[in-house]
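Hi,

Here is the structure I said I would pass on. Have a look at it first, and then read my notes underneath.

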Amino acid sequence: MKIHGTAEGLALSKKDFGVASSGSVTPSVTYPDSCESDADGTVSETTINTSDQKFGTGCLSFDGTDDYIACNGLAVTGTCGMNDKGTISVWCNFDTLDVGGEGGGKICAFGDADGNTFIELTFSAAGALYAQGRQSGTKQWVCFTSNGLLTTSGWYLCTITQDGSAPKLYVNAVEDTEFHPSYNNHSFWVGSATGLDEFRLGMQYHSGAIDGKFDGLMDDIGIYDKDIGASLISDLYDGGTGAKVSTISTDGCVAYYNCDEFVGGDLVNNATPTS
């Protein structure tokens with residue numbers, strides 16, 4: 001049975017703020033809700049691919065073994081405003097879908113050291129986008145899309161939103177969300193997940209281990225403190241051509257990674273805050 005949320009979010013129009021020729025965000029693009037350096041990520045083994053990117057001059061490359069990026073400031077309750085609502089949108093190009101761990105490979109996850117509390121965005125070997133929220137070992141909600149939406153050919157815009165009542169999943173701007181009927185605390189989100197201390201791209205953290213490694217590429221990652229709604233997700237997908245986060249309304253964007261380069265070994269939050 002499909003269960004869909006009722007809040008669609010505000011319809012936001014596309015605004016061309018412009019980007020520099022290098023693919024970096026120009027100083028004229030400002031993000032009033034940016035987490036600034038709190039959202040910078042520490043790189044572990046992940047590299048920059050400058051040949052197969054979706055946008056700009058590069059993208060993140062994960063080898064499916066031990067690569068990840070830790071953006072732990074995003075997991076601190078209250079710091080980045082994602083307490084009861086939010087959106088995570090990532091362009092993904094999968095080298096393989098058959099990755100171990102519950103729910104399959106991890107695109108990204110909030111987590112804690114004991115592995116009992118987390119919110120994760122993952123995928124299955126059957127080509128479904130999958131997500132779950134868990135507190136102290138108890139599942140709060142589990143949701144997933146239809147099988148076969150994801151393949152190992154080309155780029156996919158993978159998005160999860162939370163409007164305060166329930167999460168939604170989108171693949172290429174098409175919402176497709178089915179809930180496991182046994183777990184009904186659908187409003188569970190970052191502010192309810194006590195003990196979170198990690199946010200990682202490419203894996204879920206627990207007990208010093210790496211679970212559900214991501215094998216493939218990621219590009220142009222946007223993280224918001226609100227449900228950005230179907231209209232803006234459609235703008236980001238832009239019929240498959242794609243539009244950078246920096247060319248869309250930036251209201252509510254706490255972190256933006258254009259994935260073009262590392263600076264001093266870090267993945268820098270390209271969401272330049274309003275001065």
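The open sheet has nine strands, in the order S13-S9-S8-S7-S6-S14-S4-S1-S19, and the pairing is antiparallel. Bear in mind throughout that this is a predicted model. At the edges stand S13 (178-179) and S19 (266-267); each has a single partner strand, so one side of each has no neighbour in the sheet. At the S19 end, two bridges join that strand to S1 (residues 41-44), with the two running antiparallel. Thr 42 is bridged to Asp 266 there.

I spent most of my time on S7. All six of its six residues (118-123) are buried, so the rest of the structure largely encloses this strand. In a regular strand, side chains alternate between the two faces of the sheet. Here Phe 118, Glu 120 and Thr 122 point one way, while Ile 119, Leu 121 and Phe 123 point the other, and all of them are buried. Yes, that list includes Glu 120.

What does S7 pair with? On one side there is S6 (residues 105-111), antiparallel to S7 and joined to it by five bridges. On the other there is S8 (residues 129-135), also antiparallel, with six bridges. Leu 121 has a bridge partner in each: Cys 108 and, in S8, Ala 131.

Both connections are hairpins. Between S6 and S7 there are six residues, and Gly 115 in that turn has a positive phi of about 75 degrees. Between S7 and S8 there are five, and Gly 127 takes a positive phi near 85 degrees.

One more glycine to look at is Gly 105, which sits in S6. Its relative accessible area is 0%, so Gly 105 is buried. Its C-alpha lies 5.4 Å from that of Thr 122, although the two residues are 17 apart along the chain.

Now the aromatics. There are nine aromatic pairs in the structure. Phe 94 and Phe 214 make a tilted one, at 5.7 Å centre to centre with 55 degrees between the planes. This pair links distant parts of the chain: Phe 94 is in S5, whereas Phe 214 is in the loop between S16 (209-211) and S17 (215-224), 120 residues apart. Phe 94 has 0% relative accessibility and counts as buried, and Phe 214 is buried at 0% as well.

Phe 214 also pairs with Phe 123, this time edge-to-face, at 5.9 Å centre to centre and 85 degrees between the planes. Phe 123 belongs to S7 and Phe 214 to the S16-S17 loop, so this pair ties together parts that are 91 residues apart in sequence. Phe 123 is buried too, with a relative accessible area of 0%. If you want to select the whole group, Phe 62, Phe 94, Phe 123, Tyr 156 and Phe 214 form one aromatic cluster.

Another ring to look at is that of Trp 91: the charged end of Lys 54 sits over it, 4.6 Å from the ring centre.

As for the packing, the largest nonpolar core has 50 residues, and Leu 74 and Ile 107 touch the most other members. The strand that gives the most to this core is S5 (residues 86-94), with four residues. Beyond its neighbours within four places in sequence, Leu 74 is in contact with residues including Cys 35, Cys 80, Met 82, Phe 110, Phe 199 and Tyr 257. There is also a second, separate core of 22 residues, with Ala 173, Tyr 224, Leu 232 and Ile 248 among them.

Which cysteines are bonded? The count comes to one disulfide, and it joins Cys 35 to Cys 80, with the sulfurs 1.9 Å apart. Cys 35 lies in the segment before S1 and Cys 80 in the loop between S4 (68-70) and S5, so the bond ties together parts 45 residues apart in sequence. Both ends are buried: Cys 35 has a relative accessible area of 6% and Cys 80 one of 4%.

Cys 259 is another matter. Its closest cysteine sulfur, in Cys 59, is 7.7 Å away, which is too far for a bond. Cys 259 is buried, with a relative accessible area of 0%, and Cys 143 likewise counts as buried at 0%.

Cheers

Key:
Residues numbered from 1 in each chain as written. Predicted model: local features only at pLDDT ≥ 70, side-chain atom pairs only at ≥ 80, totals over all residues. Heavy atoms only, no water. Buried < 20%, exposed > 50% of the residue type's maximum accessible area, 1.4 Å probe, protein only. Pairing = 2+ DSSP bridges. Core = buried A, V, L, I, M, F, W, Y, C linked by side-chain atoms within 4.5 Å. Contact = heavy atoms within 4.5 Å. Phe/Tyr/Trp six-rings, centres within 6.5 Å; stacked < 30°, edge-to-face > 60°. Lys NZ or Arg CZ within 6 Å of the ring centre and 35° of its normal. Disulfide = S-S within 2.5 Å.
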